[in-house]
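Good morning. I have one structure to go through today, and I will start with a single pair of residues before moving outward. Please have the model open while I talk.

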Amino acid sequence: GGATTPSITVSPGATTTYTVTYTRNGCTATASGTVTVNPQPTVAVNSQTICSGQNATLTATPSVGGGTYSWTPGGATTPTYTVTYTLNGCIATSSGTVTVNPSPTISTNNATICAGQSATLTTNANPAGGTYSWTPGGATTPNITVSPGATTTYTVTYTLNGCVATANGTVTVNPQPTVNVNNVSICPG
C-alpha cells in the first residue's frame, strides 16, 4: 500500500499479509500483520402458506454451514420471521413469511323421502368462493338433488385456498307403502 503512517485502515478482498518497515537512525525493523477475510455468508428462509390451526416450519439455508442462528420474533404472532445467521463474525439476515388462510366450514342438511322420490341437499359454506366435490356421484355444485334407492350418506368436500372442510348429509329412504282393499259381495239389506 505504501502508507507511511503508524496505523493503516485496509479493506482487502481476500486474506492479505501487510508488512511494516520501521526505520530510525538508519536502523530498520519489520513486522507483519495478517487481515483474514472470511467469506460473507448468505442465508435464505422459505415462506409457507398454511390453514389456520396448522403449524408451519421455516428453514434457514445458509451459503456456508457451521454458523449460529437467531430467530426473531420468538413466539410472537407476526406473520414475518427473521433469522440472523452468524459465521466467523460475519452476519447475514433473511426473512420468511407465514401466510395463514382461514379454515373453511361447511354444513349440509339431512332429508327423508319415500322410495322413488328425490331430495335436495343444500350446503352452507363459510367463507364463500371455494369448490365443491360430492361423493358418491362426483357433483361439483353447492347443492345436489338425488334419488337414492336406499338410505345413503353423501359427503361434500369444500376446498378454499388449499384448506378443506367436509360435511355429511344422509338421505333416509323409507319404503313406499302398499295397501290392498278386499272386495265384498252382499245381499240387499
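C114 stands opposite N174 in β15. That pair belongs to β10 (111-114) and β15 (163-174), which pair in the parallel sense over 4 bridges. Two strands count as paired if DSSP finds at least two bridges between them. The strands themselves are DSSP runs of E, at least two residues long, while helices are runs of H or I of at least four residues, and both are numbered from the N terminus.

Before going on, the sources. This is a predicted model, where local features need pLDDT of at least 70 and side-chain atom pairs count only at pLDDT 80 or more, while totals for chains, interfaces and linings use all residues. Residues are numbered from 1 along each chain as its sequence is written, and side-chain values use heavy atoms, with hydrogens and water left out.

Back to β15. Its other partner here is β14 (152-160), joined to β15 by 9 bridges in the antiparallel sense. Within that pairing, T157 has T166 as its bridge partner in β15. β14 and β15 form a hairpin with 2 residues between them, and N161 in the turn has a positive phi of about 55°.

Which residues of β15 lie on its covered face? They are C163, A165, A167, G169, V171 and V173. The uncovered face holds V164, T166, N168, T170, T172 and N174. In a regular strand the side chains alternate between the two faces of the sheet.

V171, on the covered face, leads to the core. Leaving out residues up to four places away in sequence, V171 touches A111, I113, A119, L121, V146, P148, A150, T151, T152 and Y154; touching here is contact, heavy atoms within 4.5 Å. The largest nonpolar core has 18 residues, and I106, Y154 and V171 have the most contacts inside it. Such a core is a set of buried Ala, Val, Leu, Ile, Met, Phe, Trp, Tyr and Cys residues joined through side-chain atoms within 4.5 Å. Buried means under 20% relative accessible area, exposed over 50%, and partly exposed in between, with a 1.4 Å probe and protein chains only. At least two core residues come from each of β10, β11, β12, β13, β14 and β15. Apart from this core lies another, of 11 residues, including I50, Y81, A92 and V98.

Next, a sheet. Three strands make an open sheet in the order β9-β11-β13, with antiparallel pairing. β9 (105-108) and β13 (143-146) are at the edges with a single partner strand each, so one side of each is left without a neighbour in the sheet. Between β11 (residues 119-126) and β13 there are 4 bridges, and A119 stands opposite V146 in β13.

Towards the start of the chain, β1 (residues 16-24) and β2 (residues 27-35) pair antiparallel over 9 bridges. T19 has S32 as its bridge partner in β2. This is also a hairpin with 2 residues between the strands, where N25 in the turn has a positive phi of about 55°.

Finally, the whole chain. How many helices and strands does the chain have? It has 0 helices and 15 strands. The radius of gyration, taken over C-alpha atoms, is 39 Å, well over the 16 Å that the globule rule (2.2 Å times the number of residues to the power 0.38) gives for 189 residues, so the chain is more spread out than a compact globule. The C-alpha trace spans about 160 × 25 × 20 Å along its principal axes. Of the 189 residues, 24% count as buried.
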